[in-house]
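Subject: Structure handover

Hello,

Here is the structure for you to look over. My notes follow below it.

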Amino acid sequence: LVRDELAYTFSITMEQAFLTGTGAGRPLGIFTASADGVPTSRDVSTDNTTTAVTADGLFNAFYSLKPQYQARAVTVGHRDLAKMVRKLKYGSGEYIWAPGLNSNQPDTLFNRPFYQSEYASNTFTTGLYVAVIFDPAAYWIVDTMNLDVQVLRELYAATNQTGFIGRAECDAQPVISEAFARVKLA
């Protein structure tokens, strides 16, 4: 139980930092515009509206990546973005993103994995980032120490409880900016 709770707590903390971290005392996230990570020159908003992403906007973002990055690319966005993209249709009325509806295959976009995160923006307003399409090999994560768990028996002895403190250190940062395309609303 303790191991599972610590694993969950550490994983959501790291996920949030890897996506939205500022790089000051924490990882530099992929949704954070920075000359040290993913600069604003990698933002793609062409064909998106001020309140919604479009199929053409997603195509523009994906194809702004060089082929070597496209081959390993993944997309990260909020579940509300997944819902929005799922509703996009061709002129004939067929859904553009059909594989997940028709089979037991995982969600994909451009035949590449689509990962949902609660830490990606779900506010669809002018100028906000709503997704990142990138090659994960261009985002380096470094663990600087093992996960340490300290058991606190004496501190809570009066109430017949045991406390646990978990510690871990890691850092992360985008290392090849051209491997990233941030989807931005117009």
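The notes go from the whole chain to the sheet, the turns and the largest pocket.

Please keep in mind that this is a predicted model.

Overall picture

The chain has 186 residues, and 37% of them are buried. Its C-alpha atoms fill a box of roughly 70 × 40 × 30 Å along the principal axes. The accessible surface is about 10,700 Å². Carbon and sulfur atoms own 52% of that surface. I also looked at contacts with a separation of 6 or more. Of these, 70% link residues 24 or more positions apart.

The secondary structure consists of 5 helices and 8 strands. Along the sequence the pattern reads α-β-α-α-β-α-α-β-β-β-β-β-β.

The sheet

How are the strands of the open sheet ordered? The order is 1-8-5-2-4-3, so named for 6 strands by their numbers from the N terminus. The pairing is mixed. Strand 1 (43-44) and strand 3 (108-109) are the edges, each pairing on one side only. As a reminder, strands of a sheet pair through backbone hydrogen bonds, either parallel or antiparallel.

Three of the pairings are worth a look on screen:

- Strand 5 (residues 129-134) and strand 8 (residues 180-184) run antiparallel and are joined by 5 bridges. Here Y129 faces K184 of strand 8 as its opposite residue.
- Strand 2 (residues 74-77) and strand 4 (residues 112-116) run parallel, with 3 bridges between them. V76 stands opposite Y115 in strand 4.
- Strand 3 and strand 4 are antiparallel, with 2 bridges. L109 stands opposite R112 in strand 4.

Strand 4 therefore pairs in both senses: parallel with strand 2, antiparallel with strand 3.

Two turns to check

Strand 3 and strand 4 form a hairpin, with 2 residues between them. F110 sits in that loop. Its phi is near 60°, a positive value in a residue other than glycine. Most residues other than glycine have a negative phi.

Where is N160 found? N160 lies in the loop between strand 6 (139-152) and strand 7 (163-174). The phi of N160 is also positive, near 60°. Is N160 buried or exposed? The relative accessible area of N160 is 74%. The cut-off for exposed is over 50%, so N160 counts as exposed.

The largest pocket

The largest pocket has a volume of about 240 Å³. It is lined by 13 residues. The closest to its centre are I96, W97, L109, F110 and N111. Two of these names came up above: L109 is the partner of R112, and F110 is the hairpin residue with the positive phi.

Which element gives the largest share of the lining? That is helix 2, with 3 residues. Helix 2 (55-62) and strand 3 each supply at least two residues of the lining. Strand 3 is also an edge strand of the sheet.

What is the lining made of, by class? It has 11 nonpolar and 2 polar residues. There are no charged residues in the lining.

Where to start

I would open the view at the hairpin of strand 3 and strand 4. From F110 you can go straight to the largest pocket, since F110 is among the residues closest to its centre. Then turn to N160, in the loop between strand 6 and strand 7.

Best wishes

How values were computed. Residues numbered from 1 in each chain as written. Predicted model: local features only at pLDDT ≥ 70, side-chain atom pairs only at ≥ 80, totals over all residues. Heavy atoms only, no water. Helix = DSSP H or I, 4+ residues; strand = E, 2+ residues; numbered from the N terminus. 1 Å grid on protein atoms, 1.4 Å probe; cavity = no way out; pocket = protein on both sides within 12 Å on 5 of 7 lines; lining within 4 Å. Points joined across faces, edges and corners; volume = space filled by probe spheres on them. Nonpolar A, V, L, I, M, F, W, Y, C, P; charged D, E, K, R; others polar. Buried < 20%, exposed > 50% of the residue type's maximum accessible area, 1.4 Å probe, protein only. Contact = heavy atoms within 4.5 Å. Areas by Shrake-Rupley, 256 points an atom, 1.4 Å probe, with all protein chains shown as cover.
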